[in-house]
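Trainee: I would like to learn how to read a single-chain model, going from its overall build to individual residues. Could we take one together?

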Amino acid sequence: LKELRLETLKFTHLPQDIGTLRSLGYLSLIQNEDLCELPKEMSSLVKLQTLQINHTAITQIPPWINAL
């Protein structure tokens, strides 16, 4: 799986096993307005190039994101 669009699904959190999608290059979380943080397991997404978080409650980017 290289692209995943989880848009407008009213997520409050992402499942921890999202970190197993190691080929993921694009992840869109647009309009999950109650989503307030990204799980640390996402640090395993080493091929992630694009992360869309428009219209979410995420106010801070976690420090591990710089390692991707």
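**Reading the chain**

Mentor: Let us start in a loop: Thr8 is found between strand 1 (3-5) and strand 2 (26-28), where strands (E, at least two residues) and helices (H or I, at least four) are DSSP runs numbered from the N terminus. This is a predicted model, in which local features need pLDDT of at least 70 and side-chain atom pairs count only at pLDDT 80 or more, while totals for chains, interfaces and linings use all residues. Residues are numbered from 1 along each chain as its sequence is written, and side-chain values use heavy atoms, with hydrogens and water left out.

Trainee: What is the phi of Thr8, and is the residue buried, partly exposed or exposed?

Mentor: Buried means under 20% relative accessible area, exposed means over 50%, and partly exposed lies in between, with a 1.4 Å probe and protein chains only. Thr8 counts as partly exposed because its relative accessibility is 45%, and its phi is near 55°, a positive value in a residue other than glycine. Gln31, in the loop between strand 2 and strand 3, also has a positive phi, near 65°, and at 39% relative accessibility Gln31 counts as partly exposed.

Trainee: How many helices and strands are there in the chain, and how does its radius of gyration fit its 68 residues?

Mentor: The chain has 0 helices and 3 strands, so that from the N terminus on the elements run β-β-β. The radius of gyration is taken over C-alpha atoms, and the globule rule is 2.2 Å times the number of residues to the power 0.38. For 68 residues a compact globule would have a value near 11 Å, and the chain, with 11 Å, agrees. Its C-alpha atoms fill a box of roughly 25 × 25 × 20 Å along the principal axes, and 34% of the 68 residues count as buried.

Trainee: Which residues touch the most other members of the largest nonpolar core?

Mentor: In soluble globular proteins, nonpolar side chains tend to be buried together. A nonpolar core is a set of buried Ala, Val, Leu, Ile, Met, Phe, Trp, Tyr and Cys residues joined through side-chain atoms within 4.5 Å. Here the largest such core has 16 residues, and Leu6, Leu14, Leu27, Leu29, Leu38 and Met42 touch the most other members.

Trainee: Taking Leu29 from that list, which residues is it in contact with beyond its neighbours within four places in sequence?

Mentor: Contact means heavy atoms within 4.5 Å. With those neighbours set aside, the partners of Leu29 include Leu6, Leu14, Leu38, Leu51 and Thr56. Thr56 itself, in the segment after strand 3 (50-52), is buried because its relative accessible area is 16%, and a polar atom of the Thr56 side chain lies 3.3 Å from the backbone nitrogen of Ile58.

Trainee: Is Ile18 buried or exposed, and which residues is it in contact with beyond its neighbours within four places in sequence?

Mentor: Ile18, in the loop between strand 1 and strand 2, counts as buried because its relative accessibility is 4%. Outside that range of neighbours, Ile18 is in contact with Leu27, Pro39, Met42 and Leu45. Compare Ser28 in strand 2, which counts as buried at 0% relative accessibility and, with neighbours within four places in sequence set aside, is in contact with Leu4, Arg5, Leu6, Glu7 and Gln52.

Note on methods:
A polar contact is a pair of N or O atoms within 3.5 Å; within protein, one must be able to donate a hydrogen and the other to accept it, and residues adjacent in sequence count only if both atoms are side-chain atoms.
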